[in-house]
Amino acid sequence: MTSQAPRQYVPLTCHGHSRPVPHMSFSHLEKEETYYMISACKDGNPMLRDGVTGDWIGTFIGHKGAVWQARLSPDASNAATASADFTAKIWDTHTGEVLYSLQHDHIVRAVAYPPDNSDLVATGGMEKKLRVFDLAELAKTYPGKAAAIPASAGFEIGEGVHTSPIKFICWTKDPNIVVTASDKTIRWLDLPSRSCIKHEILDGEIKSCEVVSVAPELASPTDIGGGKPVLAVSAGKTVYFWGGDQAMDELKRIVLPYSIASVGLDVKGRKLVVGEEPGTWAKVIRYDDKVEINTHKGHHGPIWSIAFSPDGKLYATASEDGTIKMWKNCDGFYGLWRGGATTERSAE
């Protein structure tokens, strides 16, 4: 019966970027239905948006090259961006001004904050070096606005360990453990000893690598990962999931019949969303039985980044086509979506 078909909600499309969007991410949940989204773009102009509606808040102006990654600090007071202009920049999210410009010797591809400390940031890229910067200390050493800080002011972790450019950095629930993705290898590095304590070679070049979680007050033992953050990685035709405080416990790997450009994980709804490569579609797949339950069409280029909101009620896809699309992932009214409830939550 057609009346039983799940209602298909139209995605919201965020325009404004003029080049491909290689990465986007959400902030933590500030309070009910309040959070933010930040997007990196090869046009060099990362953007801040309302996470629920996708409405534009501001553009961070100052990079002189493509921006590969962008993340918000745990308290959302600042943002970090990684750029081809050989810098990582730290921005004030209220004024849009540059606070610090971390000067590297090559393209910066990755930035990351710890889960609950807005004063530390890690960077990595074509130099093949993982560095951690203490922003509170740097503020004392390099006073003044928009201070240019040499990369040597950071602490290098795992010196000589990386043999290829670092494309992703993820801080685990344990703030002493940082995960990096470099070519086909994922590494776990221990900050106190500055050493690599574990590594795995995956099915192909790692195309996406993110720590996924919902707001702590929403987490549950029945979630994927038992209520703790999950490391979600796509490489070749395989998606990998690790759990635990240090993201070292492999939970599952799923092999698909196509190469995967990106993966997002709904820990509460127990499903994943993957971007095909080559291709422009996003596939929604149940985590437990690996059954494909939906296909999202609408992008005109590969989907490079997928993220679920901190309340899990929507997810966003960022594409080569220069747009970000937001897809509803809950029943009833939410954000700009107004209309009847769906018959099946997992099929939206």
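Let me start with the two domains. Their C-alpha centres, domain 1 to domain 2, lie 20 Å apart. This is a predicted model, so keep that in mind throughout. The domain assignment puts domain 1 at residues 15-201 and domain 2 at residues 203-328.

Now the interface. On one side, 40 residues of domain 1 make contact; on the other, 38 residues of domain 2 do. Interface size is often quoted as the accessible area lost when the parts come together. Here domain 1 and domain 2 bury about 3100 Å² between them. Carbon and sulfur atoms account for 66% of that area.

What about charges and polar groups? Three salt bridges are counted between domain 1 and domain 2. Look at K167 and E205, for instance. They form a salt bridge, with 3.1 Å between the closest N and O atoms. Polar contacts across the two domains come to 12 residue pairs, both partners at pLDDT 80 or more.

Which strands supply the side of domain 1 that touches domain 2? Early in the chain, β2 (23-26) and β3 (36-40) each give at least two residues. Further along, so do β15 (168-171), β16 (177-182), β17 (185-190) and β18 (195-201). And which of them has the largest share? That is β16, with four residues.

Next, salt bridges over the whole structure. The search finds 15. One to point at is E137 with K140, where N to O is 3.3 Å. Both residues sit in helix α1, residues 135-141. They are three residues apart, about one turn of the helix.

On to the annotation. The UniProt record, an unreviewed entry, lists "repeat: WD" for residues 60-101 and for residues 296-328. Take residues 60-101 in the model. The span is 52% strand and 0% helix, and its end C-alpha atoms lie 13 Å apart. Residues 296-328 come out at 55% strand and 0% helix. The end C-alpha atoms of that span lie 12 Å apart.

Two backbone details. Most residues other than glycine have a negative phi, and most peptide bonds are trans. Where are the exceptions I want to show? The peptide bond from E277 to P278 is cis, with omega near 0 degrees. P278 is in the loop between β24 (271-276) and β25 (282-286). Then there is A247, a residue other than glycine with a positive phi, near 50 degrees. A247 also has a loop position, between β21 (238-243) and β22 (249-255).

Last, confidence. The mean pLDDT of the protein is 93. Of its residues, 95% reach 70 or more. Residues 1-5 fall below 50, and this stretch has three contacts beyond near neighbours in sequence. Residues 340-348 are below 50 too. That stretch, however, has 36 contacts in the model beyond near neighbours in sequence. How should we treat such stretches? Where pLDDT is low, the predicted coordinates should not be read in detail.

To close, back to the interface: about 3100 Å² buried between domain 1 and domain 2, with three salt bridges between them. Thanks, everyone.

Conventions:
Residues are numbered from 1 along each chain as its sequence is written. This is a predicted model: local features need pLDDT of at least 70, side-chain atom pairs count only at pLDDT 80 or more; totals for chains, interfaces and linings use all residues. Side-chain values use heavy atoms; hydrogens and water are left out. UniProt positions are given in the numbering used here, feature names are shortened, and annotations may be inferred rather than shown by experiment. pLDDT is the predictor's confidence in each residue, from 0 to 100. Contact means heavy atoms within 4.5 Å. Domain bounds come from an automatic or database domain assignment. Buried area is the accessible area (1.4 Å probe) that two parts lose on being put together, summed over both. A salt bridge is a side-chain nitrogen of Lys or Arg within 4 Å of a carboxyl oxygen of Asp or Glu. A polar contact is a pair of N or O atoms within 3.5 Å; within protein, one must be able to donate a hydrogen and the other to accept it, and residues adjacent in sequence count only if both atoms are side-chain atoms.
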